[in-house]
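The following note concerns the disulfides of the model shown below. The points are set out for a colleague's review.

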Amino acid sequence: MSSDVHYQALGMNNALEKQAKRSKKSKLIVIGSIVAVVVVLIVVGVTVGVVVSNNNKHNNKSLSTTSGSGSGSSSGSGNGGSTSGSGGGSTTSSSGDPSNFSKDSRLHKAFYGMAYTPDGSLPDYGCNSTLSAVIQDIQLMSQLTSRIRLYGADCNQTALVLEAIKQTKVDMQVYLGNFVVDGDTTAYERQRDVLKSAIQTYGTDHIAGLTVGNEFMLNYVTEHNIADPNSAAADTGAAVLVANIADTRSMLSSLNLAKTIPVGNSDAGSYFNTKVLEAVDYGLSNVHAWFANTTATAAASWVNTFFNETNVQPAALLPNTPKMYIAETGWPTASKDAGNANNGAADASVANLQVFLDTFVCQANTGGVPYFFFEFVDETWKDIKYGGVEGHWGLFDKDRNLKSGLTMPTCSSP
């Protein structure tokens with residue numbers, strides 16, 4: 001059965017088209033950033049030691065500075081230390097020790113994992129991530145989960161995240177990422193080299209895996225008008241990933257690490273190529289009921305059924321039996337414009353996100369379904385660039401305030 005037919009059988013007549021359009025938008029941002037990456041990286045200093053060293057010199061000062069989202073503010077819309085009200089409830093102590101921060105009683109370590117991209121990690125938006133902001137994100141997310149996944153390695157995000165975990169001393173494992181771009185080998189190589197440097201600097205204690213490629217096959221078959229991600233034509237694109245995966249394994253092997261870091265791949269649920277899956281230790285599958293035109297009430301059941309039938313069962317039949325994870329699943333809370341506030345029976349609202357939280361998170365934990373919730377915070381750049389619901393999937397708003405009306409699950413994550 002083709003992926004289109006399978007999606008339609010599950011009530012997804014328009015899902016593939018919508019996922020493809022969403023993915024093409026992301027690819028355009030990456031391609032448009034390639035030249036900017038080189039320039040920006042030179043300006044800010046690409047080596048892990050230089051960037052982290054510079055951030056460390058100013059860390060205590062920047063942690064107590066108020067500056068938009070992710071600042072050290074204890075009032076307004078920043079991450080104040082209060083355990084009530086609308087603040088995120090995560091802040092360093094007056095001593096400036098990032099490992100000594102107040103906890104928000106409304107938050108619970110209920111999520112298996114969280115999808116995360118540090119603010120300022122897109123080169124065409126200035127590559128302006130700061131260690132102080134990432135530290136506060138890690139403080140906040142550590143109250144929700146012990147696992148996060150990254151999508152790429154540009155803008156020094158790998159080192160910033162690992163340094164933040166080191167300074168906060170939280171229990172956190174990271175699935176690192178290398179965002180592969182079709183037709184641009186330098187994108188992969190650039191990220192591979194900074195990933196290698198970060199691993200050499202920080203070791204493997206907080207690294208759970210390294211994901212090569214995110215929605216690469218979805219992008220490839222869409223751009224080349226290929227219907228089947230496992231056709232001979234699609235295998236040409238898959239060969240790019242397989243080569244990059246092998247190269248990543250070689251890079252990791254050359255480091256003589258104390259443990260073996262699993263290597264995986266991430267893609268949209270119905271776009272995995274078998275040859276790619278046969279080359280990895282794990283697969284991360286994006287599974288969004290929103291694109292299925294379903295209701296929030298039916299979303300959790302739909303996600304579980306789709307993931308099991310489309311990803312888990314086929315992977316179990318492969319000789320290497322890669323472990324499958326849900327890479328993204330969630331529900332949007334709003335839309336920039338009224339015209340995109342619903343998708344068939346799917347309505348964007350905080351109330352419906354609450355329904356999805358209530359019916360998916362604890363049940364998935366109990367059922368042994370590994371997932372990364374999408375997502376931690378609203379991403380302003382998506383709202384500006386794309387509109388619609390794209391910038392409104394966060395549990396928190398852009399200023400790290402828990403969205404009004406949300407109640408976090410109280411079960412314990414695996």
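1. A disulfide is taken here as a pair of cysteine sulfur atoms within 2.5 Å. By that criterion, the structure holds two disulfides. With the bonded cysteines numbered in sequence order, the pairing is 1-2, 3-4.

2. The model is predicted, with local features requiring pLDDT of at least 70 and side-chain atom pairs counted only at pLDDT 80 or more, whereas totals for chains, interfaces and linings use all residues. Residues are numbered from 1 along each chain as its sequence is written, and side-chain values use heavy atoms, with hydrogens and water left out.

3. One disulfide joins C127 to C155, with an S to S distance of 1.9 Å. The torsion about this S-S bond is about -100°, so the disulfide of C127 and C155 is left-handed. C127 lies in the loop between β1 (114-115) and α4 (131-141), and C155 in the loop between β2 (147-149) and α5 (157-168); the pair therefore ties together parts that are 28 residues apart in sequence. Helices (H or I, at least four residues) and strands (E, at least two) are DSSP runs, numbered from the N terminus.

4. Both C127 and C155 are buried, that is, under 20% relative accessible area (exposed being over 50% and partly exposed in between; 1.4 Å probe, protein chains only).

5. A disulfide also joins C362 to C411, at an S to S distance of 2.1 Å. The torsion about the S-S bond of C362 and C411 is about -95°, so this disulfide is left-handed. The pair links distant parts of the chain, 49 residues apart: C362 is in helix α11 (residues 350-367) and C411 in the segment after α12 (380-385).

6. C362 has a relative accessible area of 22% and is therefore partly exposed.
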